[in-house]
Amino acid sequence: MKSSVITFPGSNCDRDMDVALKKYGFKNKMVWHADAELPKSDLVVLPGGFSYGDYLRCGSMASKSKIMQSVINFANSGGMVMGICNGFQILVETGLVPGVLLRNKYLEFICKNVFVKINDKKNKYFKNVDNEVLEFHIAHNEGNYFCTNDQLKEIEDNNQIAINYCDENGKIEDQFNPNGSLKNIAGIFNKEKNVLGMMPHPERMIDTSLSGEDGSLFFKNLINNLK
Amino acid sequence: MIVNEQVAVDHGLKRDEYAKICELLKRTPNITELGIFSAMWNEHCSYKSSRLHLKKLPTKGKKVIQGPGENAGVIDIEDNDAIVFKIESHNHPSFIEPYQGAATGVGGIMRDVFTMGARPIANLNSIHFGSPQNKKTKNLLRGVVHGIGGYGNCMGVPTIAGQTTFDSSYNGNILVNAMTLGLVKKDKIFYSKAAGLNKPVIYVGSKTGRDGIHGASMASASFDEKIEEKKPTVQVGDPFTEKLLLEACLELMAGDSIIAIQDMGAAGLTSSSIEMASKGNLGIEINLNKVPCRETKMTPYEIMLSESQERMLIVLENGKEEQAKKIFDKWNLDFAVIGKTTKSKKIELYFDEEKVADIPVNTLVENSPMYDRKWKKTKLPKKNKIKKEDLKHLKIIDVLKKILANPNVCSKEWIWQQYDHTVMGDTIQKPGGDSGVVRVHGTDKAVAASVDSSAIYCWAHPLTGGKQVVCESFRNLISVGAKPIAITNCLNFGSPENEENMGEFVECVQGIGEASEYLKFPVVSGNVSFYNQTKEEGIKPTPAIGGVGLIKNYQNMITMDFKEVDNLVLVIGKTEGHIDQSLFARNILDEKNGPPPEVNLFNEKNNGETLLKLIDNNLIKSAHDVSLGGIITAVSKMCIKGKKGINIKKPKYLINEIEYLFAEDQGRYIVEINKKDFKKVTEILNKNAVHFDELGTITENKLYINDKTKVTIDELSTSNKSWLINYMSK
């Protein structure tokens, strides 16, 4: 399986994602934002970080960079595109997934482990994951998901919510919502479910020595689903 | 502008210093030259009050590749890998403008590290605030934490450990010390020594603006009512540009075109160019019209003294300019050839085709003033006799809860959750432990780092305090299973012109020197911050020590959380019952006098090295050093982290229970071992003549003392965790 990780000026989880993808068998290429062409890929990842310093609005400038036109075309033709953290913010800015990401409710950066409940498994990202609840890691300042009531209805009708913040037993309640996201939304798909944007970083959960191992489940499953 | 004595005094120079400048130049300096002298000769850049004493610190060792004098120190961690590290203060700016002050402190220290070719892999910080009741404290704390996070998070470098304290002596002068570790290949270290004639001098990074002019002079003065007016002297940080600068520099460094490189930190273009020329025994000629400027009509004076951030000066091999420019273009950074190296041994500046400065380099560096300031020795205070009646009415569990909730002991999770501590995917010990630990990417090795200070002990007796901080750093590294290698120090003191403050400095440095010599834990880099005082009142002496150690196989790292019920808990090191200057004495008995706990370097070394032996033999399940709040505080933290309880049985000592549990004697650790290993462990301890106590057994979820008094760990955890959150949300 071939993957591509896009490096924008200010990306800082690009290497971590490269390490994770390779660990689970992807042949990964790093792609520079100013390139026009995407290499042939089965998966494109927009990594975390602070593209363009988060200036103007998180993800907004990166969404206009040269490579993004190819990424958008790739996504529109059914290609798998995953945006993590800042990558999610970029996806939102391109309109590939609906909604916006506001500043965290308490106006503070949060770095910690969280639990997320998988809401939908009829997609290549979460199909065949045995667990209902995964322990993931977040590190962001603007992860407070928001959208209009109409959008929310559409998202829910199409089952586009990928994961919700919850407790270790999968209970989705306000007290387990780290950043004020609408409906505890931690990740969301496009209608066709080939594009996934999520705040948590599975690439930081690939080793017992790190924050945990549930990221491994995610990546192992992802590469199997793509085969 | 005509330069005279008064203008010089307004620049922070002393009258005799101005006379010396005129004598060295054999003429009156012009305003640009005076600005350059004032920047180079202030305390921050010249170390004029501290140099004499810093010379006495041990700086050499088998593992030391580079000691003080470069942008940062470098140590050998084997297999051609080296760690570059340093700590630096940004106290004055952070008090005036906490967010930008702290942010640029973090940015500056990271630049010092990647200037040497190393990729930063971990940040730490030591931050100190006034009393929680002081009306400024909350906003300063919030601003500093946001600033540190804002910069470090954006750079994508994990902040893995730190220290936060509160004390009323910082009411008017907070301390913000930032430390960075970087990883480099031993044969790819870059230095600031220029070499060769007619080599192009290159300016890269951000454009120069009027921000931060005279920042270094500001950092060398005391505060008064008018400090708000100094806001424009605080630099403004742009971590995004620094991230680009980091990547661009590392890309250029992969080739072989750089002769010397120096970041523009304090005193900007002035100190960077002079340092490179001075080390290379060369001259440098600069055309200031070529310097990329952000604002119009900047004068030579402003260009030379600006402290705009995220800039570097490079001496390049001839003919490599185009190739280098391509890299900086790719990263959207300015790149300008602004001058060349010369044989004149002078700094010669041109602007609008006129020579605007002409100063021999040695007058700025070797001939800079050095003072042997008067200082006063601190006598060892007399020990207090603790009255048994004072202890009688105390309930241990109540005291324990109070201590766990003390601002200087409580959990700092509210702070470190705002720092990205997991980016780069190698953080294997997060903040909240004895040391932060990161793996050396792609290897089995890991590097541990911790930052410590004990202002109370240093204030009570500077010589003992100085030793103690080094020992504490040593212990924090050993507690995670790391072999201590070297330290960096950030020496925060009041005014060197005050004999008492100067005495505190001299004796703390002596203590640091003695301990680091004995423990073979040399000082490889550091920074001095004087004038941490408002009007006549100085801070408590606060030397911060950043220690770095190596874990050869990261799988053998130790954490402090209790692991398993029924395991045994031992105290390594002897408890004499030293209560003076302990958290217990100061906060529970309200006794603020007396000597700090004595430091016995033999025991420190012997106890620490023996514990490392036990760890190497896989006999230790968890470990934690005993510091503030004594044995019971240390044990409680291990219980809270491991969600386990303990049944403590006080050994049959002569001292009473309270003294045993709350004393702050040095050189002690709490360790958890498996019952079946008891014989092996005690054999090793006895063989090495290490005193130990059997403290108790791990239980489910309650803390007992002699089977009786009990409290749930949840209750202790709440005491420990809620103070800071409540304080910040009020």
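In this predicted model, seven bridges join strand 4 of chain B to strand 5 (residues 159-166) of chain B, and the two run parallel. One pair along this seam is easy to pick out: His128(B) has Thr165(B) in strand 5 of chain B as its bridge partner. To get from strand 4 to strand 5 of chain B, the chain passes through helix 8 of chain B, and this β-α-β crossover is right-handed.

Strand 4 of chain B, which covers residues 119-129, also pairs with strand 6 (residues 175-185) of chain B, this time in the antiparallel sense and over nine bridges. Here Pro120(B) is matched with Gly182(B) in strand 6 of chain B. As for its surroundings, strand 4 of chain B is mostly covered, with 10 of its 11 residues buried.

Earlier in chain B come some short strands that turn back on each other. Strand 1 (residues 64-66) and strand 2 (residues 73-76) of chain B are antiparallel and share two bridges, and Val64(B) has Ile75(B) in strand 2 of chain B as its bridge partner. Six residues lie between the strands of this hairpin, and Gly69(B) takes a positive phi near 120°. Strand 2 of chain B then pairs with strand 3 (residues 81-89) of chain B, again antiparallel, through four bridges. In that pairing, Gly73(B) has Phe85(B) in strand 3 of chain B as its bridge partner. The hairpin made by strands 2 and 3 of chain B has four residues between them, and Glu78(B) in the turn has a positive phi of about 75°.

What about the nonpolar core? In soluble globular proteins, nonpolar side chains tend to be buried together. The largest nonpolar core here has 287 residues, and those with the most contacts inside it are Ile83(B), Val84(B), Ala446(B), Val447(B), Val470(B), Val635(B) and Ile670(B). Take Ile83(B): leaving aside neighbours within four places in sequence, Ile83(B) is in contact with Ile75(B), Ile77(B), Leu181(B), Leu183(B), Val447(B) and Val548(B).

Chain B also holds an open sheet of seven strands, in the order 8-10-7-11-9-12-13 and with mixed pairing. At the edges are strand 8 (258-263) and strand 13 (354-360) of chain B, each of which pairs on one side only. From one strand to the next, the twist averages 20°. Inside the sheet, strand 9 (residues 283-287) and strand 11 of chain B run antiparallel and are joined by four bridges, with Gly283(B) standing opposite Thr342(B) in strand 11 of chain B. Two helices pack on this sheet. Helix 3 (residues 31-41) of chain B touches strand 12 (346-351) and strand 13 of chain B, and its direction makes about 35° with that of strand 13 of chain B. Helix 13 (residues 321-330) of chain B touches strand 7 (200-205), strand 10 (311-316) and strand 11 of chain B, and its direction makes about 145° with that of strand 11 of chain B.

Strand 11 of chain B, residues 334-342, includes Thr341(B). Is Thr341(B) buried or exposed? Thr341(B) has 23 other C-beta atoms within 10 Å, and the cut-off for being buried is 20 or more, so Thr341(B) is buried. Leaving aside neighbours within four places in sequence, the contacts of Thr341(B) include Ala194(B), Leu197(B), Asn198(B), Leu282(B), Gly283(B) and Val315(B). Thr341(B) and Asn198(B) are 143 residues apart in sequence, yet their C-alpha atoms are 4.9 Å apart in space.

Now for chain A. Nine of its strands form an open sheet in the order 2-1-3-4-11-10-9-6-7, with mixed pairing. Strand 2 (27-32) and strand 7 (133-140) of chain A each have a single partner strand, so one side of each is left without a neighbour in the sheet. Neighbouring strands of this sheet are turned by 25° against each other on average, direction ignored. Strand 6 (residues 110-118) and strand 7 of chain A are antiparallel and share eight bridges, and Ile110(A) stands opposite His140(A) in strand 7 of chain A. Helix 2 (residues 66-76) of chain A lies across several strands, among them strand 1 (2-7) and strand 4 (80-84) of chain A, and runs at about 125° to strand 4 of chain A.

Finally, the two chains meet: 22 residues of chain B are in contact with 23 residues of chain A. On the chain B side, helix 8 (137-155) and helix 10 (239-253) each supply at least two residues. The residues on this side of chain B divide into 11 nonpolar, nine polar and two charged.

Key:
Residues are numbered from 1 along each chain as its sequence is written. Chains are lettered from A and ligands numbered from 1 in the order in which they are written. This is a predicted model: local features need pLDDT of at least 70, side-chain atom pairs count only at pLDDT 80 or more; totals for chains, interfaces and linings use all residues. Two strands pair if DSSP finds at least two bridges between them. Axes are lines fitted to C-alpha atoms, for helices over the stretch in contact, and angles run from 0 to 180 degrees between N-to-C directions. Two residues are in contact if their C-beta atoms, placed from the backbone, lie within 7 Å. Ala, Val, Leu, Ile, Met, Phe, Trp, Tyr, Cys and Pro count as nonpolar, Asp, Glu, Lys and Arg as charged, and the others, Gly among them, as polar. A residue is buried if 20 or more other C-beta atoms lie within 10 Å of its own, exposed if 12 or fewer, and partly exposed in between; C-beta atoms are placed from the backbone. A crossover is right-handed if, with the strands pointing away from the viewer, the path from the first strand over the helix to the second runs clockwise. A nonpolar core is a set of buried Ala, Val, Leu, Ile, Met, Phe, Trp, Tyr and Cys residues joined through C-beta atoms within 7 Å.
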